[in-house]
Amino acid sequence: MKLDNNTLAQLAEHLESAELKAHDVTKITDEYPDMDWDDAYAIQDIIRARKEGRGNKTVGLKCGLTSYAKMKQMGVDTPVFGFVSDYMACAEGSDIRTAELIHPKVEAEICVVTKSALKGPGCHVGAVMAAIDFVIPGVEIIDSRYRDFKFDLKSVIADNTSASRFVIGGRSRRVDELDLRTLGVVLEKNGQIVAMAAGAAVMGHPAAAIAALANHLGARGQEIPAGSFIMTGGVTEAIAVQAGDSVNVRFQDLGTVAMRFA
Ligand code: OOG
Ligand code: MG
C-alpha cells in the first residue's frame with residue numbers, strides 16, 4: 001500500500017459522490033501516480049462499506065474487462081473485479097433514467113448464480129462449472145466517473161469498475177443445458193444490430209472469468225460465497241446510449257433482455 005488511510009477514505013468519498021451526483025472527475029492516478037493495486041481495491045472496499053453503511057445491500061459481484069473486445073476498447077490487458085448494489089438493479093423492460101448517469105454505455109453479459117462457495121487459489125473452469133446453479137442473461141449499464149471514460153486499471157478499480165446499473169432478464173437455464181463458449185449474443189440498439197459475439201469472447205470461456213475472480217479473492221483471504229450472483233463481463237465492446245434509445249440483447253437459448261433509456 002502506498003496511500004495512507006485518510007487519503008484512501010478521501011478518494012472513496014470523492015469517487016462515490018461523483019457517482020451519486022452524476023458528475024465526472026479526472027482519473028485519480030493523475031494526482032496519485034504511485035498508488036498500487038491494493039490501494040485501488042481498498043478504495044473500492046471503502047465505497048462498498050459506505051453503501052452498506054447506508055443500508056444498500058451488495059447483491060452481486062462483477063468481472064470486467066474480460067473480453068478482448070473490451071480490453072481493446074479501453075486499452076488495457078487485465079480483468080478487474082467489482083460489486084453491484086441493490087439500487088443498481090433495474091427491472092427488465094423498464095425505463096432507465098439517464099439524468100442520474102454521466103455517459104452510460106451498455107454491455108451484454110452472461111451471468112450466473114452459484115450454489116456452492118468458490119475459493120482460490122487454483123480455482124479453474126471445472127470447479128466453477130460444478131458450482132454454478134443456473135445461468136441468466138444480463139445487461140450492465142456502465143458509467144465511468146472519469147471524464148470521457150479515460151482511465152487506467154488502478155483508477156477504474158477504485159471507481160468500482162464503472163458499475164452503475166444492471167438488468168437481468170430473459171430466462172435462466174441449467175449450465176449443463178448450454179455451451180457457454182458457443183452461446184451467441186446479439187446486441188441491438190433502436191432495432192439495429194450494433195455488436196455480436198459468442199461466450200468464448202470472455203477469456204475463452206465465461207467460467208474462466210469467475211475462476212479469475214475466485215483466485216483474486218483467494219489471494220486476499222476471501223471467497224465467492226454460495227448463492228452469489230456474478231456478472232462475467234461484456235462479451236462485446238460497450239455501446240454508448242442516451243435518452244430515447246432502446247436496447248434489446250438476444251442471448252442464444254436464454255431469451256432477450258430489453259430496456260429503454262429515458
Ligand atoms: C470498466 C468496466 C468493464 C466489463 O464488463 O467489461 C466492465 C469500463 O469499461 O468502464 O464492466
Ligand atoms: Mg460489465
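A helix crossing is called right-handed if the near helix is turned clockwise from the far one by less than a right angle. That is the sense in which H1 passes H2 here, in what is a predicted model throughout.

**The H1–H2 pair**

The axes of these two helices come within 9 Å and cross at roughly 60°. On the H1 side, the residues that meet H2 are Leu-8, Ala-9, Leu-11, Ala-12, Leu-15 and Glu-16. Their partners in H2 are Asp-39, Ala-42, Ile-43, Ile-46, Ile-47 and Arg-50. Sorted by class, this contact has 9 nonpolar residues, 3 charged ones and no polar ones.

Take H1 by itself next. It covers residues 5–21, and its buried members are Leu-8, Leu-11, Ala-12, Leu-15 and Glu-19. Looking down the helix axis, these buried residues fall within an arc of 105°, so they line one face of H1. What do they pack against? The answer is two helices, H2 (37–53) and H5 (153–158). Asn-6 and Lys-21 are exposed, and they sit on the face of H1 turned away from its buried side.

H2 has its own list of buried residues: Asp-39, Ala-40, Ala-42, Ile-43, Gln-44, Ile-46, Ile-47 and Lys-51. These pack against H1, H5 and strand E2 (80–85).

**Helix spans, and H6**

If you like a quick sanity check on helix geometry, here are the end-to-end C-alpha distances next to the spans expected at 1.5 Å a residue.

| Helix | Number of residues | First to last C-alpha | Expected span |
|---|---|---|---|
| H1 | 17 residues | 24 Å | 24 Å |
| H2 | 17 residues | 24 Å | 24 Å |
| H6 | 13 residues | 19 Å | 18 Å |

H6 runs over residues 206–218 and is mostly covered, with 10 of its 13 residues buried. Those are Pro-206, Ala-207, Ala-208, Ala-209, Ile-210, Ala-211, Ala-212, Leu-213, Ala-214 and His-216. Which elements do the covering? They include strand E1 (58–64), E2, E5, H4 and strand E10 (229–234).

**Backbone oddities**

Now for the torsions worth a glance. Ala-22 has a positive phi of about 55° although it is not a glycine. You'll find Ala-22 just after H1, in the loop between H1 and H2. Is Ala-22 buried or partly exposed? It has 16 other C-beta atoms within 10 Å, so it is partly exposed.

Asn-160 is another non-glycine residue with a positive phi, near 45°. It belongs to the loop between H5 and strand E7 (163–168). With 28 C-beta neighbours inside 10 Å, Asn-160 counts as buried, because the cut-off for that is 20 or more.

Gly-55, just after H2, also takes a positive phi, of about 100°. And there is a cis peptide bond: the one from Gly-120 to Pro-121, with omega near 0°. Pro-121 lies in the loop between strand E5 (105–114) and helix H4 (125–131).

**Two strand residues with distant partners**

Gly-64 is in strand E1, where it is buried, with 29 other C-beta atoms within 10 Å. Leaving aside neighbours within four places in sequence, Gly-64 is in contact with Pro-79, Val-80, Gly-82, Thr-161 and Gly-233. How far apart in space are Gly-64 and Val-202, C-alpha to C-alpha? They are 9.7 Å apart, while 138 residues separate them in sequence.

Ser-246 belongs to strand E12 (residues 246–251). It has 15 C-beta neighbours inside 10 Å, so Ser-246 counts as partly exposed. Not counting residues up to four places away in sequence, Ser-246 touches Asn-190 and Arg-260. The C-alpha atoms of Ser-246 and Gly-93 are separated by 9.5 Å, although the two residues are 153 residues apart along the chain.

Notes:
Residues numbered from 1 in each chain as written. Chains lettered and ligands numbered in written order. Predicted model: local features only at pLDDT ≥ 70, side-chain atom pairs only at ≥ 80, totals over all residues. Helix = DSSP H or I, 4+ residues; strand = E, 2+ residues; numbered from the N terminus. Expected span 1.5 Å × (residues − 1). Buried ≥ 20, exposed ≤ 12 C-beta atoms within 10 Å, placed from the backbone. Arc of directions from axis to C-beta. Contact = placed C-beta atoms within 7 Å. Axes fitted to C-alpha atoms, helices over the stretch in contact; angles between N-to-C directions. Nonpolar A, V, L, I, M, F, W, Y, C, P; charged D, E, K, R; others polar.
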